[in-house]
Amino acid sequence: RHAGILKAVQTAAPKNVILGNSIVHYWGGAHRIENGARVWREKMTGYLNMGCGWDRIENVLWRVYHGVLDGYEAERVVVMIGTNNLGTDSDEDIVAGIEHLLDAIRVRQPKAEIRVVGLLPRRGQEQRIKDVNVRLRAMAELRGYDYVDVGASLVQEDGKIVEACFTDGLHPNEEGYSRIVEQITK
């Protein structure tokens with residue numbers, strides 16, 4: 001996947017890129033699993049999907065260190081990462097890791113708008129993710145990054161996820177992506 005992204009970047013310099021894990025990778029057909037393909041085709045025109053399934057913050061950092069943002073000037077870099085770190089890292093470490101990643105992105109894309117998307121809610125971890133996103137917002141705003149939390153679009157009044165927006169309690173489906181895409185691309 002990494003080699004394919006590098007080839008795509010060398011073939012045509014992208015104006016907009018989105019980095020992330022399987023939530024991004026599966027969005028729009030960059031993988032054999034296609035969640036939200038219609039929403040991608042209609043609303044994400046002009047974005048290069050750089051998502052890699054199973055990635056954690058440190059994996060995206062490795063990709064950044066190994067060329068995915070080199071050799072071109074993007075207008076916007078969107079970052080959607082961190083949910084796969086929930087099982088092993090503290091909330092503080094997740095935010096610190098994303099901060100380090102964003103700084104590495106800024107070095108490579110100094111003119112780009114960098115948008116940080118808060119962790120999407122996931123079944124059974126809604127409150128923890130909400131807490132992480134409070135910290136993430138504070139860090140992003142303090143450091144001058146654009147932050148958007150799309151989670152409210154995917155939860156019910158009781159704070160639990162809207163199951164009809166997910167394939168498995170973690171990955172959005174077509175409906176889930178349709179609820180968040182405008183906030184990501186605005």
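The radius of gyration used here is taken over C-alpha atoms, and the globule rule to compare it with is 2.2 Å times the number of residues to the power 0.38. Keep that in mind for the first stop.

**Stop 1: the whole chain**

You're looking at a predicted model, so start zoomed out. With 186 residues, a compact globule would come in near 16 Å, and the protein has a radius of gyration of 15 Å, which agrees. Turn the C-alpha trace along its principal axes and you'll see a span of about 45 × 35 × 30 Å. Of the 186 residues, 52% count as buried.

Now switch to cartoon view. You should find 7 helices and 5 strands. Trace them from the N terminus and the order reads α-β-α-α-β-α-β-α-β-α-β-α.

**Stop 2: R38 and its two partners**

Select R38 and E42 and show their side chains. They meet in a salt bridge, 3.2 Å from N to O. Both residues sit in helix α3 (residues 37-43), 4 residues apart, which is about one turn of the helix. R38 counts as partly exposed because its relative accessibility is 37%, between the 20% and 50% cut-offs.

Leave R38 on screen and add E174. What do the side chains of E174 and R38 form? It's another salt bridge, at 3.8 Å from N to O. E174 lies in helix α7 (residues 174-185) while R38 is in helix α3, so this pair ties together parts that are 136 residues apart in sequence. E174 is also partly exposed, at 24% relative accessibility.

**Stop 3: E182 and K43**

Stay with these helices and select E182 and K43. Their closest N and O atoms are 2.9 Å apart, making a salt bridge. Here too distant parts of the chain are linked: E182 belongs to helix α7 and K43 to helix α3, 139 residues apart. Both ends are partly exposed, with a relative accessible area of 43% for E182 and a relative accessibility of 39% for K43.

**Stop 4: a four-residue network**

Next, select R76, E113, R115 and D146 together. Salt bridges that share partners join these four into one network. If you'd like to hunt for others, the count for the model comes to 17 salt bridges.

**Stop 5: the cavity**

Time to look for empty space inside. Rolling a probe the size of a water molecule over the atoms shows where such space is left. How many cavities of 30 Å³ or more does a search of the whole structure find? Just 1. About 70 Å³ of space lies in it.

To see its walls, select N21, I23, M80, I81, G82, T83, V117, G118, L119 and L120, which line this cavity. Color them by class and you'll get 6 nonpolar and 4 polar residues, with no charged ones.

**Stop 6: two cysteines**

Finish with C52 and C165. Are they buried or exposed? C52 is buried, with a relative accessible area of 2%, and C165 is buried too, at 0%. Both values fall under the 20% cut-off. In case you were about to look for a bond between sulfurs: a disulfide is a covalent bond between the sulfur atoms of two cysteines. The disulfide count for this model is 0.

How values were computed. Residues numbered from 1 in each chain as written. Predicted model: local features only at pLDDT ≥ 70, side-chain atom pairs only at ≥ 80, totals over all residues. Heavy atoms only, no water. Helix = DSSP H or I, 4+ residues; strand = E, 2+ residues; numbered from the N terminus. Buried < 20%, exposed > 50% of the residue type's maximum accessible area, 1.4 Å probe, protein only. 1 Å grid on protein atoms, 1.4 Å probe; cavity = no way out; pocket = protein on both sides within 12 Å on 5 of 7 lines; lining within 4 Å. Points joined across faces, edges and corners; volume = space filled by probe spheres on them. Nonpolar A, V, L, I, M, F, W, Y, C, P; charged D, E, K, R; others polar. Disulfide = S-S within 2.5 Å.
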